[in-house]
Amino acid sequence: MKVLVPNNLNVPELIEELNLSNRRQKYVKEKIYHLISRVVATHKNIKKFDKNGYTGLCSKELNMILNRDYKLILDLLKDKNVIELDLNYLKGVRCNKIKLNDQYQKKDKVLKTIRREHKTAPSKNQLLDSYFNHNLEIQKRVQESCKTHI
């Protein structure tokens, strides 16, 4: 998957001080690139940003991107002044709003390739799915009565 990130964002340098194993560093780096690509304003997603430059990312979506490194990555990016979080977040009411700091937002962007694909949750049964199945048939006499009324 290709993602767009600021060219002045040095992710390997950011995660260097975390003392992670090589394998974990790779995954954390890809997760950071994925998250940053979601908060970079482009011509395609500019309508998702509010007037202050924040974009909404609900915790469910953040968790899909960051998984078990959720707190580690968000804290790191906040501490290094890469992102800002809106203080109006209310659990279960209002989503997180994240903004990429101007020093990164207003720079040229580069494409990075990450191996991580965005996972989608399996579809859940709809309310009436348990009452109907794929073998639903219309009886012949109903079909004939419908034709006479048309």
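Which side chains meet in a salt bridge at 2.8 Å, N to O? The side chains of D75 and K71 do so.

## About the model

The model is predicted, so that local features need pLDDT of at least 70 and side-chain atom pairs count only at pLDDT 80 or more, while totals for chains, interfaces and linings use all residues. Residues are numbered from 1 along each chain as its sequence is written, and side-chain values use heavy atoms, with hydrogens and water left out.

## A salt bridge within one helix

The structure holds seven salt bridges, a salt bridge being a side-chain nitrogen of Lys or Arg within 4 Å of a carboxyl oxygen of Asp or Glu. One of them is the pair of D75 and K71, and both residues lie in helix α4, four residues apart, which is about one turn of the helix. Helices (H or I, at least four residues) and strands (E, at least two) are DSSP runs, numbered from the N terminus.

D75 is partly exposed, with a relative accessible area of 26%, whereas K71 is exposed, at 59%. In these terms, buried means under 20% relative accessible area, exposed means over 50%, and partly exposed lies in between (1.4 Å probe, protein chains only).

## Salt bridges between distant parts

D69 forms a salt bridge with R24, and the closest N and O atoms of this pair are 2.3 Å apart. The pair links distant parts of the chain, since D69 belongs to the loop between α3 (59-66) and α4 (70-79), while R24 belongs to helix α2 (residues 22-39), 45 residues apart. D69 is buried, with a relative accessible area of 1%, but R24 is partly exposed, with a value of 25%.

Another salt bridge is made by the side chains of D50 and K97, at 3.5 Å from N to O. Because D50 lies in the loop between α2 and β2 (55-57) and K97 lies in strand β4 (residues 96-100), the pair ties together parts that are 47 residues apart in sequence. D50 counts as partly exposed at 27% relative accessibility, and K97 is partly exposed with a relative accessible area of 30%.

## A charge over a ring

Where does K26 lie with respect to the ring of Y27? K26 lies over the face of Y27, at 5.2 Å from the ring centre. A charge sits over a ring if NZ of Lys or CZ of Arg is within 6 Å of the ring centre and within 35 degrees of the ring normal.
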